[in-house]
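The exercises below are meant to be worked with the sequence and the coordinates side by side. Try each task before reading its solution.

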2 protein chains.
Amino acid sequence: MKLSLNTATVKYASLETAARLAAENGITGIGPWRDVVAAAGGAAAARKIIDGYALTVTSLCRGGFFHVPGWLADNQAAVDEAAILGAKELVLVVGGLPDGSKDLPGARQQVADALDALVPYAADRGVRLAIEPLHPMFCADRAVVSTLGQALDLAENFAPHEVGVVVDTYHVWWDPELFGQIARAAGRISAYQVCDWVLPIPADALLGRGHVGDGCIEFAPITEAVARAGYTGHVEVEIFHQAVWDADPAATVATMAERHRAYIGEV
Amino acid sequence: MKLSLNTATVKYASLETAARLAAENGITGIGPWRDVVAAAGGAAAARKIIDGYALTVTSLCRGGFFHVPGWLADNQAAVDEAAILGAKELVLVVGGLPDGSKDLPGARQQVADALDALVPYAADRGVRLAIEPLHPMFCADRAVVSTLGQALDLAENFAPHEVGVVVDTYHVWWDPELFGQIARAAGRISAYQVCDWVLPIPADALLGRGHVGDGCIEFAPITEAVARAGYTGHVEVEIFHQAVWDADPAATVATMAERHRAYIGEV
């Protein structure tokens with residue numbers, strides 16, 4: 001599997017810098033976040049930059065957050081950006097509980113309803129919606145979809161080219177059902193994202209993700225399972241960690257490529 | 001369901017104080033931790049204190065930690081203490097990955113092997129081993145059993161009176177399979193523990209548990225499901241939170257009883 005740089009890994013770098021560092025390290029894919037696309041002057045300008053380095057856009061992060069007002073227009077805008085960027089996969093972080101709500105079944109139903117509303121719009125524009133299950137520690141505030149199995153239950157209401165799922169090692173490594181669910185996901189794996197589970201969980205629980213190899217996840221069996229499920233796309237490295245963000249982005253991308261060779265495969 | 005005070009909720013109180021506060025608030029159960037039992041002079045002395053307040057010992061916390069050297073002798077000692085205390089349920093926090101290990105399937109197999117070794121010893125002494133699935137955020141360092149379904153898969157290798165499971169709202173509230181698995185647990189629910197999921201997750205991720213009602217968990221449906229599964233024991237309140245620990249234990253126990261009436265039922 002080839003390597004892709006998710007721009008969150010070099011959070012403070014511009015899209016131009018991220019794309020250049022990717023190309024300089026032999027990396028052929030990039031997965032931009034929307035804020036980086038906006039800072040580059042919008043989707044058309046961003047695509048020009050990315051095309052200048054001959055990179056494949058492996059996904060756009062992110063749509064979702066269906067628990068906040070204005071979600072539909074915002075997600076339609078995200079689909080439009082993905083289409084302009086040539087990103088075939090729009091990653092959805094589906095959102096948590098609405099403010100003050102304790103209605104988890106209701107929030108989960110809202111995700112299903114939001115997909116119903118959004119899928120035709122996305123399908124018309126050639127963009128697949130990629131449901132990302134987040135680690136259960138984020139269930140209350142970021143994603144009420146907590147397991148790959150649950151993501152697939154939602155995805156299977158639609159055609160495989162309309163709705164897929166993201167396998168992110170950080171979010172799913174603990175799941176006793178993981179390997180069965182990866183097999184079940186054949187044809188629907190929109191993205192394979194990697195980073196490591198590093199202890200202790202930091203004060204900002206979002207920022208506990210480390211470089212591949214720095215934590216306790218065994219990557220080979222998960223990578224093999226994803227490949228066995230027929231996935232032939234890139235592996236996106238998406239790291240949220242203050243020390244990684246504070247490092248020189250050139251060093252970060254070089255480390256990322258080195259770890260990919262050590263733990264995953266050819267760049 | 002009647003109320004029980006897990007001594008972790010008043011972490012800095014002695015067993016004598018905890019037992020007295022329980023009784024003063026009309027609480028009929030207590031779930032001691034082993035350190036509190038030791039500080040009271042051992043299991044026999046602890047039982048005398050507890051009997052003095054006519055409390056039921058709803059569980060002993062905890063055995064497990066099968067990933068550390070010396071686990072078998074330590075767990076046998078925990079069983080002995082449970083038997084002396086009259087605790088019919090020994091809660092098992094099964095342990096995480098051994099130091100430096102990334103072998104999650106191996107750690108999970110070790111839990112199954114440890115149960116094989118420990119169950120006869122416990123059954124001979126009338127103590128049921130109660131597997132507690134912990135929230136997946138603790139998979140690496142505290143418990144490789146992460147879901148109720150996984151706990152039941154392990155428990156079902158034994159008779160219902162030999163191995164049960166713990167339903168702790170903090171650990172399982174997010175689980176899309178929760179209600180089906182609670183139904184499946186009929187006859188094997190060793191303890192029903194409650195506390196709330198409070199954001200943000202604190203710097204010490206162990207200490208994010210709040211009083212019932214302070215977070216985002218909807219207790220009624222879970223309590224009803226546990227009752228429907230035939231559970232007639234106490235509800236243990238087990239809170240790990242620095243501010244709760246720093247409060248006057250008398251206030252903590254009073255709040256606990258008040259929240260129980262508001263969210264769960266009669267004390």
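**Exercise 1. Locate A:F65 in chain A and describe its backbone and its surroundings.**

Solution. First, A:F65 is placed in the loop between β4 (60–64) and α4 (71–85) of chain A, where helices (H or I, at least four residues) and strands (E, at least two) are DSSP runs numbered from the N terminus. Second, its phi is near 50 degrees, a positive value in a residue other than glycine. For context, most residues other than glycine have a negative phi, and most peptide bonds are trans. Third, A:F65 is partly exposed, because 18 other C-beta atoms lie within 10 Å; on this scale a residue is buried with 20 or more other C-beta atoms within 10 Å of its own, exposed with 12 or fewer, and partly exposed in between, the C-beta atoms being placed from the backbone. Finally, turning to chain B, B:F65 lies in the loop between β4 and α4 and has a positive phi of about 50 degrees although it is not a glycine.

Before going on, note the conventions: residues are numbered from 1 along each chain as its sequence is written, while chains are lettered from A and ligands numbered from 1 in the order in which they are written. This is a predicted model, in which local features need pLDDT of at least 70, side-chain atom pairs count only at pLDDT 80 or more, and totals for chains, interfaces and linings use all residues.

**Exercise 2. Which peptide bonds leading to B:R62 and B:P200 are cis or trans, and where do these residues lie?**

Solution. Begin with the bond from B:C61 to B:R62, which is cis with omega near -5 degrees; B:R62 has its place in strand β4 (residues 60–64) of chain B. Then take the bond from B:L199 to B:P200, which is also cis, with omega near -5 degrees, and B:P200 is found in the loop between β9 (196–197) and β10 (209–210) of chain B.

**Exercise 3. Is A:A22 buried or exposed, and which residues are in contact with it?**

Solution. A:A22 belongs to helix α1 (residues 15–24) of chain A, and it is buried, since 24 other C-beta atoms lie within 10 Å. Leaving aside neighbours within four places in sequence, the residues in contact with A:A22 (C-beta atoms, placed from the backbone, within 7 Å) are A:L5, A:I27, A:I30, A:Y53, A:L55 and A:V253.

**Exercise 4. Determine how chain A is related to chain B and what the interface contains.**

Solution. Superpose the copies by least squares on the C-alpha atoms of residues with pLDDT of at least 70 in both. Chain A can then be laid on chain B with an RMSD of 0.0 Å by a turn of 180 degrees and a shift of 0.0 Å along the axis. The two copies are thus related as by a two-fold rotation axis. Of the residues of chain A, A:A203 comes closest to this axis, at 2.0 Å (C-alpha). Next, count the contacts: 23 residues of chain A are in contact with 23 residues of chain B. On the side of chain A that touches chain B, there are 15 nonpolar, 4 polar and 4 charged residues, with Ala, Val, Leu, Ile, Met, Phe, Trp, Tyr, Cys and Pro counted as nonpolar, Asp, Glu, Lys and Arg as charged, and the others, Gly among them, as polar. As for confidence, the predictor gives the complex an ipTM of 0.96 and a pTM of 0.97.

Definitions and conventions
Contact = placed C-beta atoms within 7 Å.
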